Amino acid sequence: MTLGINVVWFKRDLRIHDHAPLFEAAQAGLPVLPVYVVEPNYWQQIFASRRHWHFIHDCLTELREDCSQLGQCLIIRVGETIDVFDRLHDDYQINGIYVHEETGNGWTYQRDKDVIQWCAHHSVELHEYPCNGVVRHLKDRDGWSKIRNKRMSEDLIPKPRSLTPVQDVDIGQFPSKDDSMFGSKVPGVTQTGGRRAAIQTLKSFLSERGCEYIYRLSAPGPSEKYCSRISPHLTWGTLSMREVIKSNQNRRKGLSENEAKSWKRNLSAFGSRLSWRCHFIQKIEDQPEIEFKCMHSAFEGMREPDHNETYYQAWIEGRTGYPFIDACMRNLIHEGWITFRMRAMLVSFA
């Protein structure tokens, strides 16, 4: 048994920049094992999609390259997280697990609670770090904005200079994009994942595409060009929220007099929507029951007595007979995303 390693558990933070768990683990002076777990049970859930895996696959490919350049390749394991940690603990003395806090859903929350219990049982120290603008264990929302804004104003965390490698470790292989584990075939296209695509997408928005953001963000057609298109990169963590906010702020500060006329309001609106994103993720952190229950109890059970499965399937497939509804739904099916106002309209129609 090799003594003394630290594990960095990657989840929705697939980058090496502005990554507190990776940086702190590297600073601790022990060999560092970066780990990503492909969880088969997760991919059987209704909220998981092969389209997600296509994006993640791109991200993991680049993350493995980036970790290798630091000195230790990202290792991949397929299985339930507790089983993976059991097997690692059989081979290595795990001193600590370094990880970002995750605000996901009920499934990931239970998985994380199981890992906390596992660490306590095996006397492994769990080092959790805040992620994005979500604040855990708030008593109320009065102080959330102040804490979030302070966190976003802090300096970016540099990538580690190097990682001390773990000797003779099987790096493992991640499943292919076509593996049957991930469900049905993607019915359309998928946005490219990975850090390089994230940076290029953000750069093109802040330098070119964002000039008409506020005027185009609700239009189903033009929004594909003029919206930021960084949502999946924030979701899977190829960019940190702090990186995006600072990039937006720097762009605003550097506007020329001519640019200010067309850009200032658009960049301000973009910054507001970044705040809204944190705000609504904070809601599910504070009220996780809204995944399963209506936010307002008066709506509980409203649709069930008159639920019409035929109508529901027609809505899902974009064949209700209402042209704009069907056009938006079919666009969603093909593209994998839709503007927030069109999304609200589709849900309201349902």
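Which residues in α13 meet which residues in α14? On the α13 side they are Phe324, Ile325, Cys328, Met329 and Leu332, and on the α14 side Met342, Met345, Leu346 and Phe349. Keep in mind that this is a predicted model. Besides that helix pair, there are two nonpolar cores to look at, one of 31 residues and another of 23.

**The α13/α14 pair**
- By class, the contact comes out as 9 nonpolar residues, with no polar and no charged ones.
- Helix α13 covers residues 323-335 and helix α14 covers 340-349; their axes sit 10 Å apart.
- The packing angle is about 120°, and angles of 65 to 115 degrees would count as roughly perpendicular while those over 145 would be roughly antiparallel, so α13 and α14 are oblique to each other.
- The crossing of α13 past α14 is left-handed.

**The largest nonpolar core**
- This core has 31 residues, and Leu14, Tyr36 and Trp43 are the ones touching the most other members.
- β1 (2-10), α1 (20-27), β2 (32-38) and α2 (50-70) each put in at least two residues.
- α2 is the top contributor here, giving 8 residues.
- Setting aside neighbours within four places in sequence, Leu14 contacts Tyr36, then Ile56, Cys59, Leu60 and Leu63, plus Trp236, Gly237 and Thr238.

**The other core**
- Apart from the largest core there's another one, with 23 residues, including Leu217, Met241, Trp263 and Phe270.
- As general background, nonpolar side chains tend to be buried together in soluble globular proteins.

Definitions and conventions:
Residues are numbered from 1 along each chain as its sequence is written. This is a predicted model: local features need pLDDT of at least 70, side-chain atom pairs count only at pLDDT 80 or more; totals for chains, interfaces and linings use all residues. Side-chain values use heavy atoms; hydrogens and water are left out. A nonpolar core is a set of buried Ala, Val, Leu, Ile, Met, Phe, Trp, Tyr and Cys residues joined through side-chain atoms within 4.5 Å. Buried means under 20% relative accessible area, exposed over 50%, partly exposed in between (1.4 Å probe, protein chains only). Helices (H or I, at least four residues) and strands (E, at least two) are DSSP runs, numbered from the N terminus. Contact means heavy atoms within 4.5 Å. Axes are lines fitted to C-alpha atoms, for helices over the stretch in contact, and angles run from 0 to 180 degrees between N-to-C directions. Angles under 35 degrees count as roughly parallel, over 145 as roughly antiparallel, 65 to 115 as roughly perpendicular and the rest as oblique. A crossing is left-handed if the near helix is turned anticlockwise from the far one by less than a right angle, and right-handed if clockwise. Ala, Val, Leu, Ile, Met, Phe, Trp, Tyr, Cys and Pro count as nonpolar, Asp, Glu, Lys and Arg as charged, and the others, Gly among them, as polar.
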